[in-house]
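User: I would like to go through some of the labels attached to this model and see what each of them rests on. Could you take them one at a time?

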Amino acid sequence: TTVTGSVIMLANAIIVGVGPDAVIVGATARSIVRQSTMTAEEEAKAVLKLRNLEEMEDSMRKADGERISSTMKWAHQFDKDDDAAINHDEFVSLVDSILGEAPDEKAVVATIDKFGNGNPKTIPTYQLMKALEAYAAYIRKEQLDDLFDKHDINKDKQLTPAELMKALQEVTPHREVGIEDAAFVTARCDQDGDGLISRNELSRVIPHWQRLAKQADAQGKPVTQLKDNAGSCASCCLIM
């Protein structure tokens with residue numbers, strides 16, 4: 001099967017305004033499609049790659065410079081088969097490189113299932129940053145669930161201020177956390193007003209507490225003495 005001129009035009013369009021690293025990617029794609037003959041399967045893969053690259057360019061127009069640089073670097077380094085997509089093993093290697101620890105397989109599978117295309121599913125490189133953010137959010141949720149289960153002593157699916165106090169102490173071991181701190185945060189983050197913290201509410205409590213603790217450290221005062229400009233719990237909502 002001969003590759004059509006329209007595919008070559010698509011490859012040429014990809015490299016406009018992307019930057020030097022992306023030009024290299026575009027040039028690689030262009031050399032692939034300019035081969036005189038391909039099997040139908042090879043042609044389909046080439047077209048898919050070019051579409052992925054075009055989507056990457058469009059995504060980059062909307063991203064900041066740091067995200068563009070990181071995405072291009074990771075795509076170039078970990079896309080071993082040069083198909084403008086990240087497969088399971090490549091994603092595992094990427095996460096391991098970034099975090100320096102063995103990736104959570106369940107989180108990897110869930111991330112690829114959400115952002116991947118094809119069979120087997122692979123993550124288009126233009127979706128790579130979003131996929132990594134989703135993986136981090138998945139891990140974050142697992143950590144919060146573990147924290148909640150550990151400190152929900154009576155297993156009533158709620159954290160009392162006393163239980164929450166111990167959870168906050170684990171999150172910020174450098175600070176001495178008192179019951180008044182737990183009550184202070186509960187008052188800010190208890191959405192249903194029952195005086196307890198649910199599993200969902202804990203996803204707001206922890207980032208809010210971390211911000212409060214950082215401000216209190218900087219000002220050298222207890223969390224409970226921070227002024228109202230410390231912000232509300234809602235402003236620290238964690239996206240799941």
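Analyst: What follows sets computed values from a predicted model against the cut-offs behind each label.

User: What makes K141 and D145 a salt bridge, and where do the two residues lie?

Analyst: The closest N and O atoms of K141 and D145 are 3.1 Å apart, and the rule asks for a side-chain nitrogen of Lys or Arg within 4 Å of a carboxyl oxygen of Asp or Glu, so the pair qualifies as a salt bridge. Both residues lie in helix α7, where they are 4 residues apart, about one turn of the helix.

User: Why is K141 called partly exposed?

Analyst: Its relative accessibility is 38%, and because the class of partly exposed residues runs between the 20% limit for buried and the 50% limit for exposed, K141 is placed there.

User: How do you know that D145 also forms a salt bridge with R199?

Analyst: For D145 and R199 the closest N and O atoms are 3.4 Å apart, which is within the 4 Å that the rule allows. This pair links distant parts of the chain, with D145 in helix α7 and R199 in helix α10 (residues 199-219), 54 residues apart. The side chains of D145 and R199 are also joined by a polar contact of 3.4 Å, a label for which the limit is 3.5 Å.

User: What is the evidence for a salt bridge between R199 and D149, and why is the pair said to tie together parts of the chain?

Analyst: The side chains of R199 and D149 meet at 2.7 Å, N to O, again within the 4 Å limit. R199 belongs to helix α10 and D149 to helix α7, so the salt bridge ties together parts that are 50 residues apart in sequence. At 35% relative accessibility R199 counts as partly exposed, and D149, at 35%, counts as partly exposed as well.

User: Which residues are linked in a network of salt bridges, and to what number does the count of salt bridges come?

Analyst: The network links K141, D145, D149 and R199, and by the rule used here the count comes to 7 salt bridges.

User: Why does D152, which is buried, have no salt bridge?

Analyst: The nearest side chain of opposite charge to D152 is that of K155, 5.6 Å away, and because a salt bridge requires a separation within 4 Å, D152 is left without one. D152 sits in the loop between α7 (128-151) and α8 (161-171), where a polar atom of its side chain lies 3.3 Å from the backbone nitrogen of D156. Leaving aside neighbours within four places in sequence, D152 is in contact with K157, Q158, L159 and E163.

User: What makes F91 and Y135 an aromatic pair, and why is it called edge-to-face?

Analyst: The structure holds 1 aromatic pair. The ring centres of F91 and Y135 are 6.0 Å apart and their planes meet at 75°; since rings pair when their centres lie within 6.5 Å and count as edge-to-face when the planes are over 60 degrees apart, both conditions are met. The pair links distant parts of the chain, F91 in helix α5 (residues 88-99) and Y135 in helix α7, 44 residues apart.

User: Are F91 and Y135 buried or exposed?

Analyst: F91 has 0% relative accessibility and counts as buried, and Y135, at 5%, counts as buried too, because the class takes in values under 20%.

Conventions. Residues are numbered from 1 along each chain as its sequence is written. This is a predicted model: local features need pLDDT of at least 70, side-chain atom pairs count only at pLDDT 80 or more; totals for chains, interfaces and linings use all residues. Side-chain values use heavy atoms; hydrogens and water are left out. Helices (H or I, at least four residues) and strands (E, at least two) are DSSP runs, numbered from the N terminus. Buried means under 20% relative accessible area, exposed over 50%, partly exposed in between (1.4 Å probe, protein chains only). Lys and Arg count as positive and Asp and Glu as negative; His and the chain ends are not counted. A polar contact is a pair of N or O atoms within 3.5 Å; within protein, one must be able to donate a hydrogen and the other to accept it, and residues adjacent in sequence count only if both atoms are side-chain atoms. Contact means heavy atoms within 4.5 Å. Rings of Phe, Tyr and Trp (its six-membered ring) pair if their centres lie within 6.5 Å; planes under 30 degrees apart count as stacked, over 60 as edge-to-face and the rest as tilted.
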